[in-house]
Amino acid sequence: MWCHRLSHLQSKLQNLLRGGVTYWTFQQPSFKSLFPLAIQWHHTASKSLNCNWQQHEDHFELQYANTVMRFDYVWLRDHCRSASCYNSKTHQRSLDTASVDLCIKPKTIRLDETTLFFTWPDGHVTKYDLDWLVRNSYEGQKQKVIQPRILWNAEIYQQAQVPSVDFQSFLETNEGLKNFLQNFLLYGIAFVENVPPTQEHTEKLAERISLIRETIYGRMWYFTSDFSRGDTAYTKLALDRHTDTTYFQEPCGIQVFHCLKHEGTGGRTLLVDGFYAAEQVLQKAPEEFELLTKVPLKHEYIENVGECHNHMIGVGPVLNIYPWNKELYLIRYNNYDRAVINTVPYDVVHRWYTAHRTLTIELRRPENEFWVKLKPGRVLFIDNWRVLHGRESFTGYRQLCGCYLTRDDVLNTARLLGLQA
Ligand SMILES: C[N+](C)(C)CCCC[C@H](N)C(=O)O
Ligand SMILES: O=C(O)CCC(=O)C(=O)O
Ligand SMILES: [Fe+2]
């Protein structure tokens, strides 16, 4: 069985690498053909309810709320919400899933109003509300996005006139924080105004929404063009659009920038919505989009400057999507830090470069570039899983402070305020 699955996977992989479109699904043996059974539909059609269900040999089929859903019997037993199987206070499972017979089938199924009752061979009864099943079914999830977003180019973003949130209201009111987070989740960037231009106040802001993610660059960082670290950020050079920390297995979720001082010229910040660009690739060349989601790459950071000795490697594709609904959730794009490509066969390499070029062309379209000059008092939060940043070269003395945030904690705050995240 295992060997069979492995070779199945290998052939899928080969298929993919040769250019076939592949979905990572395991083929199920057809139980239906093994156990032909006279199957009977159960209809319930009252004024308010239009529900049909059918007890198949190996699964339960439900038609409700314009959705055709299929549920595995082990799944139905495993998700039982009865007091002995599930702790509804902590939302934790008490049932030992390994104790469930993998061939389990309900003895009887009945529908009462909007509740389905499954009676199992040992007499245990599992109840499901129809709406709960719709919300939690694969078919239901497939049609839903995890994170609603507004994809933008410069014009869309500017026309949206997204309001900045004031420092005071951000720190002191849940409404201010919620507005800020809503905009941040929708656009992948957001500003806070009237922040006292110090590192301490920037830290306060960060701590209001999240835990600060400490990295090799420190907890709060503060930098000028002093070459103190082995990275071009610490120079006056222009930096093309990129996401940061692509060389971490989990790139930092959010980046916070506060320009505390700049006496000189240039140094504007460039922002590009990576998901907008990726969406253009999906429209124009879907097979290239797919390749960018499938080919794993390494990014690397090697530093030996002064006391700083680091060697980081992160592996992952440029585009990361949820397999069930194909929703994009992470772009990893940094041409400076991309490591040697040595994990991909040569013919795929060429197709990958073509796809990467298509994405780069979209990312570089002038109409997709949003330029801002960061000023003391105006703090920028960037979704580093979505929006690329860069900067213009500059002259003179420029001080930037900021930090990275843990994505989980930002989303946690958003959910606690009632936002979808
Ligand atoms: C810490 N600070 C933001 C100043 C610099 C981070 C280094 C940026 C690096 N090239 C990267 O893309 O990950
Ligand atoms: O100096 C800047 O504006 C940004 C530099 C940069 O890309 C970074 O620090 O991650
Ligand atoms: Fe950067």
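Helices and strands are runs assigned by DSSP, a helix having at least four residues and a strand at least two, and both are numbered from the N terminus. The exercises below use these names for a model that is predicted.

**Exercise 1. Locate serine 225 and decide whether it is buried or exposed.**

Step 1. Begin with the chain: serine 225 lies in the loop that connects strand S13 (220-223) with strand S14 (239-242).

Step 2. Next comes the count of neighbours, for which the cut-off is that a residue is buried if 20 or more other C-beta atoms lie within 10 Å of its own. Serine 225 has 21 C-beta neighbours inside 10 Å, and therefore it counts as buried.

Step 3. Then list the contacts, leaving out residues up to four places away in sequence: serine 225 touches Tyr234, Thr235, Lys236 and Arg398.

Step 4. Finally, compare sequence with space: serine 225 and threonine 395 are separated by 170 residues along the chain, while their C-alpha atoms are 9.7 Å apart.

**Exercise 2. Describe the surroundings of valine 125 in the same manner.**

Step 1. Valine 125 belongs to strand S9, which covers residues 125-129.

Step 2. With 13 other C-beta atoms within 10 Å, valine 125 is partly exposed, because this class lies between the limit of 12 or fewer for exposed residues and that of 20 or more for buried ones.

Step 3. Once the neighbours within four places in sequence are set aside, valine 125 is in contact with Phe117, Phe118 and Thr119.

Step 4. Lysine 107 is 18 residues away from valine 125 in sequence, and the distance from C-alpha to C-alpha is 10.0 Å.

**Exercise 3. Which sign does phi take in histidine 91 and in phenylalanine 227, and where do these residues lie?**

Step 1. Recall the general rule that most residues other than glycine have a negative phi.

Step 2. Histidine 91 has a positive phi, near 60°, and is a residue other than glycine. Histidine 91 is found in the loop between strand S5 (86-87) and strand S6 (92-93), and with 7 other C-beta atoms within 10 Å it is exposed.

Step 3. Phenylalanine 227 is not a glycine either, yet its phi is positive, at about 60°. The loop that holds phenylalanine 227 runs between S13 and S14, and a count of 13 other C-beta atoms within 10 Å makes this residue partly exposed.

**Exercise 4. Find the buried residues of helices H9, H10 and H11, and say what can be learned about their setting.**

Step 1. In helix H9 (residues 199-209), the buried residues are Thr202, Leu205, Ala206 and Ile209. Looking down the axis of H9, one sees these buried residues fall within an arc of 95°, so they line one face of the helix.

Step 2. In helix H10 (residues 274-284), the buried residues are Gly274, Phe275, Tyr276, Ala277, Ala278, Gln280 and Val281. Among the elements that cover them are strand S16 (269-273), helix H11 (286-294), and helix H12 (346-364).

Step 3. In H11, the buried residues are Phe289, Glu290, Leu291 and Leu292, and they pack against H10, S19 and H12.

**Exercise 5. Which residues surround ligand 1 and ligand 2, and how do the two shells divide by residue class?**

Step 1. Around ligand 1 stand Tyr217, Trp221, Phe223, Asp231, Ala233, His242, Asp244, Thr245, Asn334 and Asp337. This shell divides into 4 nonpolar, 3 polar and 3 charged residues.

Step 2. Around ligand 2 stand Ala233, Leu239, Asp244, Thr269, His389, Arg391 and Leu400. The shell of ligand 2 is made up of 3 nonpolar, 2 polar and 2 charged residues.

Step 3. Reading both lists together shows that Ala233 and Asp244 appear in each of them.

**Exercise 6. Describe the protein as a whole, from its domains to its contacts.**

Step 1. The protein is divided into domain 1 (30-142) and domain 2 (154-416), and their centres, taken over C-alpha atoms, are separated by 43 Å.

Step 2. An unreviewed UniProt entry lists "domain: Gamma-butyrobetaine hydroxylase-like N-terminal" at residues 54-133, a stretch that is 12% helix and 41% strand. UniProt, again in an unreviewed entry, places "domain: TauD/TfdA-like" at residues 161-404, where the chain is 29% helix and 32% strand.

Step 3. Altogether the protein has 13 helices and 24 strands, and 28% of its 421 residues count as buried. Among contacts with a separation of 6 or more, 71% join residues 24 or more positions apart.

Conventions:
Residues are numbered from 1 along each chain as its sequence is written. Chains are lettered from A and ligands numbered from 1 in the order in which they are written. This is a predicted model: local features need pLDDT of at least 70, side-chain atom pairs count only at pLDDT 80 or more; totals for chains, interfaces and linings use all residues. A residue is near a molecule or strand if its C-beta atom, placed from the backbone, lies within 6 Å of it. Ala, Val, Leu, Ile, Met, Phe, Trp, Tyr, Cys and Pro count as nonpolar, Asp, Glu, Lys and Arg as charged, and the others, Gly among them, as polar. Domain bounds come from an automatic or database domain assignment. The arc is that of the directions from the helix axis to the C-beta atoms. UniProt positions are given in the numbering used here, feature names are shortened, and annotations may be inferred rather than shown by experiment. Two residues are in contact if their C-beta atoms, placed from the backbone, lie within 7 Å.
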